[in-house]
Each structure stands twice: as structure tokens, then as C-alpha cells.
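Here is a short tour of the chain you are about to see. Keep the viewer open and follow along as we go from the whole chain down to single residues.

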Amino acid sequence: MPGWEAALIQFGFIGMGLGLTLALPAYLRRRWPEAFAGRGGGPSPLGRAAVVLGAAVGLMWLYWAAGGTAGLAHPDEGRATWRLLCGICGTWALAAAFAVARPGREGPGRLPRWLPSVLGWLGSGSLFAWSGWKLPFTLYVAVAAPPDVALPEQLGLAITLHLCAVVAGGAMMWTLTRAPLRTRPEVATAPPG
């Protein structure tokens with residue numbers, strides 16, 4: 001491939017990334033304004049379960065990022081880049097759990113109402129998307145057992161963690177997009193007669 005063609009392709013990807021970075025928040029704010037206005041009260045039972053599940057997954061990933069070896073089948077395969085990815089994913093999982101567990105509240109010394117929403121959207125998306133592609137890959141490695149692939153994690157544990165992350169990320173996103181009852185528009189009904 002000529003150098004100019006590679007530069008053109010890279011420039012196209014950069015432009016698309018910048019465009020999506022600017023357009024997506026505007027679209028989401030118009031589509032789900034109540035999700036960015038902050039929520040009153042705590043999460044639903046589904047949201048609380050997603051918080052616990054997401055936090056557990058995040059803590060396990062952070063444990064591996066810090067150098068822990070429990071649950072690893074091949075600790076030597078856990079190179080620095082793998083540990084860095086575990087740290088990033090674990091941090092996003094805990095950020096999402098925090099955001100869903102603690103909705104934005106107004107007042108001095110409190111977080112701005114939009115910050116937990118943004119953290120929740122990014123963290124739940126990270127949980128869902130990262131594990132959404134890692135789960136089929138890990139299942140393939142478990143079933144096909146290619147001789148040249150050795151994941152650091154025990155395959156059963158890795159499959160369980162990715163499945164839990166997909167479920168937690170989806171449930172957190174569902175929780176964040178649901179308007180609290182007090183902000184839903186009332187349906188006007190005509191009096192009988």
C-alpha cells in the first residue's frame with residue numbers, strides 16, 4: 001500500500017473518531033435527557049444487582065492488574081499490556097458501579113449531576129463492549145483449544161467474568177436510560193362523562 005493511501009485511511013479514521021466524539025453526546029442528550037439530568041433516589045433492584053456484579057468484575061480485573069495470580073492458569077502470559085488492560089477495564093467497571101449506585105445530587109460539595117451519568121454511560125459501555133467481544137473469543141479458545149493460544153486466565157473464570165460484565169453493563173445502561181417516576185410526563189385523562 002502506498003504511503004499516501006495509508007495516511008488517507010488514517011486521516012479518515014481520525015476524522016470519523018472526532019466526528020463521533022462530538023456527535024454522540026449531543027444525540028444521547030437529546031434522546032435521553034433525563035439520564036443526563038441526574039436521578040433522584042437509588043437504583044432499582046436490577047440496578048443494585050448490576051452494581052454488585054460490575055464491582056465484583058472490576059475488583060477482579062484490578063487485582064490482576066496489581067499483580068495478583070489467583071485465577072490465572074498461565075501467569076507468565078499476563079504481560080504488562082494485559083495487566084494494563086485489566087486495570088483500565090477494572091477502573092471503568094468500578095466507575096460505572098459508582099455512577100449507578102450513587103445518582104447525581106445537587107448541593108454544595110456534591111458532584112455535578114451530569115458527572116455520574118457520564119461515568120455510568122462510559123463505564124457500562126466499556127463493560128458491555130469489551131466483554132462482548134472477549135466472550136466469544138474466550139469461548140472459541142475454550143472449545144477449539146488452539147495449541148498456539150494461551151490466555152493468562154483460567155478459561156472457566158474468564159468466561160464467567162466476561163458473561164457477568166456483559167450482563168452488568170447492559171443492566172447498568174438500562175438503569176441509566178430509565179427515567180425516574182417523578183420525571184415521567186403524566187398522561188392526562190379526561191374525566192368520565
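About 11,500 Å² of the chain is exposed, and 70% of that area comes from carbon and sulfur atoms. This is a predicted model. Of the 193 residues in the chain, 34% are buried. The chain has six helices and zero strands, giving the pattern α-α-α-α-α-α along the sequence. Among contacts with a separation of 6 or more, 75% join residues 24 or more positions apart.

**Confidence**

The mean pLDDT of the chain is 83, and 82% of the residues score at least 70. Helix H3 has the highest confidence, with a mean of 94, while helix H2 (residues 33–36) has the lowest, with a mean of 68. Please take care with residues 181–188, where pLDDT stays under 50 and the model has six contacts beyond four places in sequence. Where pLDDT is low, the predicted coordinates should not be read in detail.

**Two helices and what covers them**

The table sets H3 beside H4.

| Helix | Residues in helix | End-to-end C-alpha distance | Expected span |
|---|---|---|---|
| H3 | 21 residues | 30 Å | 30 Å |
| H4 | 22 residues | 31 Å | 32 Å |

For H4 (residues 80–101), the end-to-end distance agrees with the span expected at 1.5 Å a residue. H3 likewise comes close to its expected value.

Which residues of H3 are buried? They are Gly47, Ala50, Val51, Gly54, Ala55, Val57, Gly58, Trp61 and Trp64. These buried residues pack against H4, H5 and H6. Just after H3, Gly67 has a positive phi of about 110 degrees.

In H4, the buried set consists of Trp82, Arg83, Cys86, Gly87, Cys89, Gly90, Ala93, Ala95, Ala96, Ala97, Ala99 and Val100. Their cover includes helix H3 (45–65), helix H5 (114–144) and helix H6 (155–177).

**Buried residues in H5 and H6**

Met172 is a good residue to click on in helix H6. Met172 counts as buried because its relative accessibility is 0%, and the cut-off for buried is under 20%. Leaving out residues up to four places away in sequence, Met172 touches Ala50, Val51, Gly54, Ala96, Ala97, Val100, Ser124 and Leu127. Among these partners, Ala50, Val51 and Gly54 belong to the buried residues of H3, and Ala96, Ala97 and Val100 to those of H4. Ser124 is 48 residues from Met172 along the chain, yet their C-alpha atoms are separated by 5.9 Å.

Thr138 sits in helix H5. Is Thr138 buried or exposed? Its relative accessibility is 1%, so Thr138 counts as buried. Beyond its neighbours within four places in sequence, Thr138 contacts Leu151, Leu155, Ala158, Ile159 and His162.

**A loop and the surface**

Ser44 belongs to the loop between H2 and H3. With a relative accessibility of 28%, Ser44 counts as partly exposed. Ser44 and Val100 are 56 residues apart in sequence, with 9.6 Å between their C-alpha atoms.

Finally, turn to the surface, where Met1, Ile9, Phe13, Met16 and Leu20 make up a nonpolar patch. Together these residues have about 560 Å² of accessible area. Phe13, one of the patch residues, is part of helix H1 (residues 3–31).

Methods: Residues are numbered from 1 along each chain as its sequence is written. This is a predicted model: local features need pLDDT of at least 70, side-chain atom pairs count only at pLDDT 80 or more; totals for chains, interfaces and linings use all residues. Side-chain values use heavy atoms; hydrogens and water are left out. Helices (H or I, at least four residues) and strands (E, at least two) are DSSP runs, numbered from the N terminus. The expected span of a helix is 1.5 Å times one less than its number of residues. Buried means under 20% relative accessible area, exposed over 50%, partly exposed in between (1.4 Å probe, protein chains only). Contact means heavy atoms within 4.5 Å. Patches are made of residues with over 30% relative accessible area and no salt bridge: like charges are joined within 9 Å, nonpolar side chains (Val, Leu, Ile, Met, Phe, Trp, Tyr) within 5 Å. Accessible areas come from the Shrake-Rupley method with a 1.4 Å probe; for residues, only the protein chains shown count as cover. A salt bridge is a side-chain nitrogen of Lys or Arg within 4 Å of a carboxyl oxygen of Asp or Glu. pLDDT is the predictor's confidence in each residue, from 0 to 100.
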